[in-house]
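Reader: I'm new to reading structures, and a whole one is a bit much for me. Could you pick one small part and walk me through it slowly?

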Amino acid sequence: MKQFDTLFLDRDGVLNKKIENGYVLDPDQIEIIAGIKEFLQIAKNHFRRIVVVTNQRCVGLGRLPLEKLVKINNTINVLTGSFIDQFYICPHLDEDNCSCRKPKTGLFLNAQKDYNVDFTESWMIGDSETDMIPAKQLQIFSLFLSNKGSSYADKNFKSFDELGPILQE
Ligand SMILES: [Mg+2]
């Protein structure tokens with residue numbers, strides 16, 4: 001069986017549907033992406049850990065208290081099968097000039113500190129270029145979930161049904 005180190009996942013657009021021009025501000029608004037639970041079920045056998053790296057500027061904007069974000073993240077974890085070991089959150093705005101807001105690498109480096117992650121044996125799945133850029137920089141295998149395709153990505157795919165077989169082949 002193929003064994004990898006860490007599976008990094010973006011949250012909105014990967015685990016749950018993105019809310020256009022808005023934010024997930026309540027657990028009731030969570031809609032899970034088709035096929036993610038089945039994919040994570042397979043992935044948990046191929047990765048040492050599964051972590052989420054997510055920008056949540058709604059916290060910095062004062063739209064969502066951190067405790068409620070944690071509650072939303074916990075609900076997303078349960079709804080996708082409870083396979084996620086850790087959520088790494090950037091609550092900042094661009095103007096905060098933090099080191100964690102993607103496309104910066106801070107969230108990934110925090111995970112590396114906690115788990116001694118081997119980036120070259122890890123995957124990042126995202127639906128934005130801002131997910132692919134830090135992955136590329138850290139030499140994480142980058143997978144772009146979209147109909148458009150990303151020039152930064154190592155692999156472009158359209159649905160999670162395509163990914164399970166890649167791990168199992
Ligand atoms: Mg996203």
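**A strand residue and the metal site**

Author: Let's start with L9, which sits in strand β1. Keep in mind that this is a predicted model. L9 has 0% relative accessibility, and the cut-off for buried is under 20%, so L9 counts as buried. What does L9 touch, once residues up to four places away in sequence are set aside? The list is V14, L15, L40, I50, V51, V52, V53, M124 and I125. Take M124 from that list: along the chain it is 115 residues apart from L9, yet their C-alpha atoms are separated by 5.7 Å.

Now on to D10. Its relative accessibility is 7%, so D10 is buried too. D10 also helps hold a magnesium ion, through an OD atom. The other donors are D12, through its O atom, and D127, through OD, and the distances run from 2.0 to 2.2 Å. Written along the chain, the donor spacing reads D-x1-D-x114-D.

D12 deserves a look of its own. You'll find it in the loop that runs between β1 (4–9) and α1 (36–43). With 18% relative accessibility against a cut-off of under 20%, D12 counts as buried. Its side chain makes a polar contact of 2.9 Å with the side chain of R11, and another of 2.8 Å with that of N16. Skip the neighbours within four places in sequence, and D12 is in contact with K18, V24, Q56 and D127. That last one, D127, is also a donor to the magnesium ion.

Methods: Residues are numbered from 1 along each chain as its sequence is written. This is a predicted model: local features need pLDDT of at least 70, side-chain atom pairs count only at pLDDT 80 or more; totals for chains, interfaces and linings use all residues. Side-chain values use heavy atoms; hydrogens and water are left out. Helices (H or I, at least four residues) and strands (E, at least two) are DSSP runs, numbered from the N terminus. Buried means under 20% relative accessible area, exposed over 50%, partly exposed in between (1.4 Å probe, protein chains only). A polar contact is a pair of N or O atoms within 3.5 Å; within protein, one must be able to donate a hydrogen and the other to accept it, and residues adjacent in sequence count only if both atoms are side-chain atoms. Contact means heavy atoms within 4.5 Å. Donors are N, O and S atoms within 2.8 Å of the metal (3.2 Å for Na, K and Ca); water is not among the atoms, so sites may look incomplete.
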